[in-house]
Amino acid sequence: MLSRLLKEHQTKQNERKELQEKRRREAIAAATCLTEALVDHLNVGVAQAYVNQRKLDHEVKTLQVQATQFSKQTAQWISMVEGFNQALKEIGDVENWARSIELDMRTIATALEYAHKGPLTSASS
């Protein structure tokens, strides 16, 4: 009877060990599935961040190109405005020169008229 009880006890103990081993394998499998699901979820976020980073890099390059073009265009505009200002100054210089010449010519014309008509007008007085 004692040996039968011992065998029953050993049988139950083996069944418990097998059940415990089965539960341990199930727990490991569940933990593995959970880990894979978490990693997949994180990878989706990382992949989205990578895609966003690539888009940002592309936008930055585009912005740099546009800024460079804008800078060149602005430099051209500044050069054109400076040229226009210089032309206006030259026109002003020419206008002043023309006024000076005109004044000199009037002075000469008046002097010539006076020299030509002056003695006649003075003699008849």
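With which residue does Glu21 form a salt bridge, and how far apart are the closest N and O atoms? In this predicted model, the partner of Glu21 is Arg24, and the closest N and O atoms of the pair lie 2.4 Å apart. Both residues belong to helix α1, where a spacing of three residues places them about one turn of the helix apart. Glu21 is partly exposed, because its relative accessible area of 32% falls between the limits for buried and exposed residues. Arg24 is likewise assigned as partly exposed, with a relative accessible area of 42%.

The setting for this contact is a chain with one helix and zero strands. The radius of gyration is 53 Å, well over the 14 Å that the globule rule gives for 125 residues, so the chain is more spread out than a compact globule. The dimensions of the C-alpha trace, taken along its principal axes, are about 180 × 20 × 10 Å. Helix α1 itself covers residues 2-124.

Separations between individual residues add detail to this description. Lys7 and Asn52, which are 45 residues apart in sequence, have C-alpha atoms 67 Å apart in space. For Thr11 and Arg54, a sequence separation of 43 residues corresponds to a C-alpha to C-alpha distance of 63 Å. Lys7 is located in helix α1, and its relative accessibility of 57% means that it counts as exposed. Thr11 is also a residue of helix α1, but its relative accessible area of 40% makes it partly exposed.

Solvent accessibility was then examined over the whole chain. Of the 125 residues, 1% are buried, a class that requires a relative accessible area under 20%. The chain exposes about 11,800 Å², and 62% of this area is supplied by carbon and sulfur atoms.

A nonpolar patch occurs on the surface, formed by Val94, Trp97, Ile101, Met105, Ile108 and Leu112. Together, these six residues contribute about 640 Å² of accessible area. Leu112, one of the members of the patch, lies in helix α1. Leu112 counts as exposed because its relative accessibility is 56%, which is above the 50% cut-off for that class.

Charged residues were considered next. The chain carries 17 positive and 16 negative charges, and the mean positions of the two sets are 20 Å apart. Four salt bridges are present in the structure, among them the contact between Glu21 and Arg24 described above.

Another of these contacts joins Arg99 to Glu95, with a distance of 2.5 Å between the closest N and O atoms. The two residues are separated by about one helical turn, because they are four residues apart in helix α1. Arg99 counts as partly exposed at 49% relative accessibility, a value just under the 50% cut-off above which a residue is classed as exposed. Glu95 is partly exposed as well, its relative accessible area being 39%.

A further salt bridge links Arg106 with Glu102, and here the closest N and O atoms are 2.7 Å apart. Both residues lie in helix α1 with a spacing of four residues, or about one turn of the helix. The members of this pair fall into separate accessibility classes: Arg106 counts as exposed at 53% relative accessibility, whereas Glu102, at 38%, counts as partly exposed.

In summary, the predicted model describes a chain with one helix and zero strands, in which buried residues make up 1% of the total. Along helix α1, salt bridges connect residues about one turn apart, including Glu21 with Arg24 and Arg106 with Glu102. The surface also bears the nonpolar patch that includes Val94 and Leu112.

Terms used. Residues are numbered from 1 along each chain as its sequence is written. This is a predicted model: local features need pLDDT of at least 70, side-chain atom pairs count only at pLDDT 80 or more; totals for chains, interfaces and linings use all residues. Side-chain values use heavy atoms; hydrogens and water are left out. Patches are made of residues with over 30% relative accessible area and no salt bridge: like charges are joined within 9 Å, nonpolar side chains (Val, Leu, Ile, Met, Phe, Trp, Tyr) within 5 Å. Accessible areas come from the Shrake-Rupley method with a 1.4 Å probe; for residues, only the protein chains shown count as cover. A salt bridge is a side-chain nitrogen of Lys or Arg within 4 Å of a carboxyl oxygen of Asp or Glu. Buried means under 20% relative accessible area, exposed over 50%, partly exposed in between (1.4 Å probe, protein chains only). The radius of gyration is taken over C-alpha atoms; the globule rule is 2.2 Å times the number of residues to the power 0.38. Lys and Arg count as positive and Asp and Glu as negative; His and the chain ends are not counted. The place of a charge is taken as NZ of Lys, CZ of Arg, CG of Asp or CD of Glu.
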